Amino acid sequence: MAKTFLIATHNAKKKNELLRILSPLGIDVKTDSELGLTLTEPEENGETFYENALIKAKMGCEESGYPCVADDSGLMVDYLAGAPGVYSARFSGEHGNDKKNNEKLLKLMSDVPENERTARFVSVVCCVFPNGDIISARGECEGTIGYKELGEGGFGYDPVFMVDGKSFAEISDEEKDKLSHRGKALKLLLEKLNDYKSL
């Protein structure tokens, strides 16, 4: 029988990534609405990806009674001294507007030469259990910032984040799971969950 974990997100694509990677452990990932719940939207006021992921996972676990998985991810651009970082989702001033975030980034990077366009995606995933146990994992993916949006897939900064000549929005889900920051963090989380005594 599958174990049910809550995922603290309303992003269907993010949920599907977790489902693909955690399903080998017999874990069924559900959103709050799929469980008939409405969770409080936590204030993500942490200064690090770990702090924000933990805030979301703790609240989700406390309110639902299920083990809760949450991630906080972002883009860190070297030329911008690590920005947008934890502010990635609201870089343009409007939370979750991928188009405006990408437009602002491309404008800031418009005159930056190729060798200074290095960046990385970072993801920290936390899982909080009803007994208070916490498991976390971090993944990173190195790349560069492109000059325009490319591809129709993915979400967030995927259309402008380049790895091996392609944007993250141009590669398949399978390729992305192998390369991506979230894929790496989730695989590490999978290993830790596999060893977790109470699972």
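**Exercise 1.** In this predicted model, determine which residue stands opposite Val125 of strand 4, and how strand 3 and strand 4 pair.

*Solution.* Step 1: the residue that faces Val125 in strand 4 is Asp71. Step 2: the pairing of strand 3 (residues 68-77) with strand 4 is antiparallel and extends over 10 bridges.

**Exercise 2.** Establish the strand order of the open sheet and explain why strand 2 and strand 7 each have one side without a neighbour in the sheet.

*Solution.* Step 1: the seven strands follow the order 2-1-3-4-5-6-7, and their pairing is mixed. Step 2: strand 2 and strand 7 (166-167) are at the edges with a single partner strand each, so one side of each has no neighbour in the sheet.

**Exercise 3.** Identify the strands touched by helix 1 and by helix 2.

*Solution.* Step 1: helix 1 packs on the sheet against strand 1, strand 2 and strand 3, and its direction makes about 175° with that of strand 2. Step 2: helix 2 (residues 49-64) also packs on the sheet, where it touches strand 1, strand 3, strand 4 and strand 5. The direction of helix 2 makes about 160° with that of strand 3.

**Exercise 4.** Find which members of the largest nonpolar core touch the most other members, and which element gives the largest share of this core.

*Solution.* Step 1: among the 20 residues of this core, Leu189 and Leu193 touch the most other members. Step 2: helix 5 supplies the largest share, five residues. Step 3: beyond four places in sequence, Leu189 contacts Val69, Val125, Cys127, Ile135 and Ala137. Step 4: another core of 18 residues lies apart, including Leu106, Ala119, Val160 and Phe161.

Key
Residues numbered from 1 in each chain as written. Predicted model: local features only at pLDDT ≥ 70, side-chain atom pairs only at ≥ 80, totals over all residues. Heavy atoms only, no water. Core = buried A, V, L, I, M, F, W, Y, C linked by side-chain atoms within 4.5 Å. Buried < 20%, exposed > 50% of the residue type's maximum accessible area, 1.4 Å probe, protein only. Helix = DSSP H or I, 4+ residues; strand = E, 2+ residues; numbered from the N terminus. Contact = heavy atoms within 4.5 Å. Pairing = 2+ DSSP bridges. Axes fitted to C-alpha atoms, helices over the stretch in contact; angles between N-to-C directions.
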